[in-house]
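Let's work through a few short exercises together. Please open the structure and follow each solution step by step.

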Amino acid sequence: MQSAVRETQVRSRLGVGLPHIAERTGKALHWILGVALLVVVGINVVNATGRYLFGFSMTGTDELMVYTVIWVVMAGAILSLANRDHISVNLLPSYAKGRFRHLLHIIHDLAGLLACAYATYASYGFVTKIARLGTTSMGLGIPMTIPHAALLVGFTGLTITAAIMLARDLGAFVRNDPHKEPGA
């Protein structure tokens, strides 16, 4: 009997702690992505200043900025999906109530899951082909698998996030929970 009580207490503490950990991780990732974008701006300013005022340009800075922004966009897309902050047409869900609203979210989650799973599959195929070719970038000389892996990692994260959201929304639909947005 006591072990069952302890197991329930551990599960309840874990259930309460996980959203808090996810929220703190999301905030930290937002901060890191913001710093990365500031670094890109700094690199651009230094490169433009060097090019137009002093007549020199750093090799590969354009590539570095583009690759960094691609990684930032894919990580930001995962965060946006998890918080439902992404661009969407939400006129119908904003007026829907109860189970119908949960049903609309389930349809949205399924569409996102299927689209992102397919994009993950296609990205994996492309990254493996690029890896076999051994292609490197012209300016930095880095393997092209690194920038292309951003899409693979991003779509994998989006697929996992959509699956988690689908499970959460299915549970809410079955229990007929009052609707709560993530982070609310």
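**Exercise 1.** Find what share of the 184 residues of the chain counts as buried.

Solution. Apply the cut-off: buried means under 20% relative accessible area, with a 1.4 Å probe and protein chains only. By that test, 27% of the 184 residues are buried. This is a predicted model, where local features need pLDDT of at least 70, side-chain atom pairs count only at pLDDT 80 or more, and totals for chains, interfaces and linings use all residues. Residues are numbered from 1 along each chain as its sequence is written, and side-chain values use heavy atoms, leaving out hydrogens and water.

**Exercise 2.** Place S123 in its helix, decide whether S123 is buried or exposed, and list what it touches.

Solution. Start with the helix: S123 sits in α4, residues 98-133 (helices are DSSP runs of H or I, at least four residues, numbered from the N terminus). Next, its relative accessible area is 11%, so S123 is buried. Finally, leaving aside residues up to four places away in sequence, S123 touches L151, L152 and F155 (contact means heavy atoms within 4.5 Å).

**Exercise 3.** Work out how α4 and α5 are oriented to each other.

Solution. First, α4 packs against α5 (residues 145-175) at about 155 degrees, with the axes 7 Å apart; axes are lines fitted to C-alpha atoms over the stretch in contact, and angles run from 0 to 180 degrees between N-to-C directions. Then compare with the cut-off: angles over 145 degrees count as roughly antiparallel. Therefore α4 and α5 are roughly antiparallel.

Conventions: Helix = DSSP H or I, 4+ residues; strand = E, 2+ residues; numbered from the N terminus. Buried < 20%, exposed > 50% of the residue type's maximum accessible area, 1.4 Å probe, protein only. Parallel < 35°, antiparallel > 145°, perpendicular 65-115°, else oblique.
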